[in-house]
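Opened the notebook for a look through this one. I want to go through helix packing, sheets, cores and a few single residues.

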Amino acid sequence: MTPGGGVGPIVDSRLAISTMADLSRLAHDDAPVAVCRAAADLLGVDAAVVALDIGTGPDPADLVVVHGEGGLAACIGRRFGVDGLEALVRPGSATTIVEVGDGPLTDDGPVTLVAARDGSGTTGVLALRCPRPSGEAADVASMLAARLGGALSSARGMAAVARSEAREQAVLDAIADGVAVIDQRGRVVAWNRAAENLTGLGAASAIGRPMPFESGTVDEPVEHDLGDDCWVEVVAQPLGEDGRVVVLRNISRQKALDAARTMFFAATSHELKTPLTVIRSFAEWLADQEGPVDAERYGMAVRAIADGAGELNQLVEKILLSARSEAGRLDLHLQPIDLRGLAREVAHRFDVPGRHDVALELPDEVARAQGDVQAVRTVLGQLMENAVKYSPDGGTITLGISAGDDGVTVRVTDEGIGLQPGEGEYLFVPFYQGETRSTRHIKGGVGLGLSIVRRLIEAMGGTVGADGVPNEGSTFWFTLPFEQDDSDLA
């Protein structure tokens with residue numbers, strides 16, 4: 001039709017019936033565009049589908065044109081307040097068709113609004129570029145609008161369901177534990193992101209199939225070994241007649257700690273037993289001597305007892321220091337320290353001729369660091385002890401100091417057994433025993449030394465790390481902040 005013209009004739013009654021039947025079979029997402037086109041074909045008008053959030057009051061709604069043909073195409077995406085809309089959306093109103101007066105939609109000619117309704121009320125509006133139709137044209141416009149109303153209602157209902165499902169899935173995905181929802185038939189109907197990450201089984205593979213793991217109860221959970229040191233604990237809770245919810249909890253760390261504690265007690269028992277056996281043996285030998293004792297053998301026995309006592313004392317101090325650091329009760333006195341002097345002092349203790357060569361890389365001048373003297377001495381001693389222990393074939397151990405942008409860095413490098421790829425992430429965990437060590441049959445300690453190093457350095461505001469190559473050596477390093485003046489410490 002031409003702008004301002006009347007409604008064109010209905011092309012064919014049979015065509016109208018066929019078109020309505022076709023519309024009834026369309027999915028609700030396709031209906032708005034189809035209704036618009038049907039209005040143009042059957043009524044000979046420009047048409048637009050207009051969706052809106054229905055309200056009541058003096059300004060009941062703004063129209064949002066979501067599709068248009070002809071002149072109304074320019075209105076797509078624009079919002080309008082339209083005169084006559086209130087008559088369509090007023091509760092209980094029987095009005096279904098109104099002609100719009102002056103306004104943004106009527107610049108090119110008259111526009112008629114037809115209410116699109118469902119059982120709950122008006123859900124949208126069909127805008128027609130024409131004067132108000134009558135007779136068969138009005139009936140066709142009303143039927144088209146009714147189809148539009150049902151489609152918009154269904155679309156909004158589906159959108160609400162989708163939003164609800166998305167919120168539910170977002171809640172499930174926000175849970176750190178793996179969560180699965182099982183229906184009455186034992187099939188998985190929900191599978192959160194944590195369950196995917198934990199098991200390596202995607203939601204698409206899990207949903208619709210039986211639960212892939214046996215489930216336990218809160219009182220008797222079932223544990224599963226997923227490989228690669230990954231363990232899960234699976235617990236199911238009933239959801240009444242709707243099935244059950246299953247929680248998959250990652251207990252890998254707990255398992256690792258349990259194994260580490262077992263190893264700790266075994267290693268500690270062994271470490272304690274060795275010096276105690278030496279002390280006891282020589283003490284019993286001395287007690288059994290009734291006459292004069294050879295001076296050389298007597299001196300050897302006393303030295304052995306003293307060395308054993310010293311080894312016991314070091315082990316006990318290490319355990320106590322670890323316990324204090326775990327409890328956050330480290331008593332540190334932070335002050336400017338001379339790292340060069342401490343490095344020379346500690347290196348001298350480990351410079352044993354015939355075993356290792358100890359090299360110092362100390363610049364003539366290096367900025368003083370902030371730390372606790374005894375804590376830094378303990379850290380240096382532990383790193384040097386490790387370098388000696390894990391270099392059974394000898395070689396050079398290098399202790400170096402350098403200054404960077406963020407502080408002073410100390411490095412201890414050896415030419416020993418090195419580290420396995422990724423092992424540096426675990427070396428500073430309490431009770432951890434190095435992988436490479438076990439393959440070389442090197443007698444280790446109780447796995448506390450490096451964890452103490454990390455806690456001491458972090459308590460002084462520094463960082464610690466390690467890297468290395470198997471059979472080529474390792475480098476352990478730590479940084480400390482630069483010394484602070486009195487104003488910084490205030």
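Before the helices, a cut-off to keep in mind: an angle over 145 degrees between N-to-C directions counts as roughly antiparallel. Also noting that this is a predicted model.

**Helix pair**

I looked up helix H2 (residues 31–43) against helix H4 (residues 136–174). Their axes come within 9 Å and cross at roughly 175 degrees. H2 and H4 are therefore roughly antiparallel to each other. Then I pulled the contacts. On the H2 side I find Ala-31, Pro-32, Val-35, Ala-38, Ala-39, Leu-42 and Leu-43. The H4 residues they meet include Ala-137, Val-140, Leu-144, Arg-147 and Leu-152.

**Open sheet**

Which order do the strands of the open sheet take? I read E8-E7-E11-E10-E9, 5 strands with antiparallel pairing. E8 and strand E9 (222–227) are the edge strands, each pairing on one side only. From one strand to the next the twist averages 25 degrees. Inside the sheet I checked strand E10 (residues 230–238) with strand E11 (residues 244–250): they pair in the antiparallel sense over 7 bridges. Ala-236 has Val-246 in E11 as its bridge partner.

**Asn-192**

Just past an edge strand of that sheet, I stopped at Asn-192, which sits in the loop between strand E8 (188–191) and helix H5 (193–199). Is Asn-192 buried or exposed? Its relative accessibility is 0%, so Asn-192 counts as buried. I then asked what its side chain has for polar company: one of its polar atoms lies 2.8 Å from the backbone nitrogen of Val-179. Leaving out residues up to four places away in sequence, Asn-192 touches Gln-169, Leu-172, Asp-173, Ile-175, Asp-177, Gly-178 and Val-179.

**Cores**

Next, the largest nonpolar core. It has 39 residues, and Leu-339, Phe-478 and Leu-480 touch the most other members. Helix H9 (339–350), helix H10 (373–389), strand E15 (396–403), strand E16 (408–413), helix H12 (449–459), strand E17 (463–469) and strand E18 (473–480) each give two or more residues to this core. H10 supplies the largest share, 8 residues. Another core lies apart from it, with 20 residues, among them Val-45, Ala-116, Ala-137 and Leu-152. Ala-137 and Leu-152 were already on my list for the H4 side of the helix pair.

I followed Leu-480 a bit further. Not counting neighbours within four places in sequence, its contacts include Ile-337, Leu-339, Val-376, Val-408, Ile-457 and Met-460.

Val-376 seemed worth its own entry. Val-376 is in helix H10 and, at 0% relative accessibility, counts as buried. Beyond four places in sequence, Val-376 touches Ile-337, Leu-339, Leu-342, Met-460 and Leu-480. For Val-376 and Leu-342 I noted a C-alpha to C-alpha distance of 8.0 Å, with their positions 34 residues apart in sequence.

**Hairpin E17–E18**

Last stop, two strands that also feed the largest core. E17 and E18 run antiparallel and are joined by 7 bridges. Ala-466 has Phe-476 in E18 as its bridge partner. The hairpin has 3 residues between the strands. Which residue there takes a positive phi? I found Asn-471, near 65 degrees, although Asn-471 is not a glycine. Asn-471 is exposed, with a relative accessible area of 57%. I set that beside Asn-192, which counts as buried at 0%.

Conventions
Residues numbered from 1 in each chain as written. Predicted model: local features only at pLDDT ≥ 70, side-chain atom pairs only at ≥ 80, totals over all residues. Heavy atoms only, no water. Helix = DSSP H or I, 4+ residues; strand = E, 2+ residues; numbered from the N terminus. Buried < 20%, exposed > 50% of the residue type's maximum accessible area, 1.4 Å probe, protein only. Polar contact = N/O pair within 3.5 Å; in protein donor to acceptor, adjacent residues only side chain to side chain. Contact = heavy atoms within 4.5 Å. Core = buried A, V, L, I, M, F, W, Y, C linked by side-chain atoms within 4.5 Å. Pairing = 2+ DSSP bridges. Axes fitted to C-alpha atoms, helices over the stretch in contact; angles between N-to-C directions. Parallel < 35°, antiparallel > 145°, perpendicular 65-115°, else oblique.
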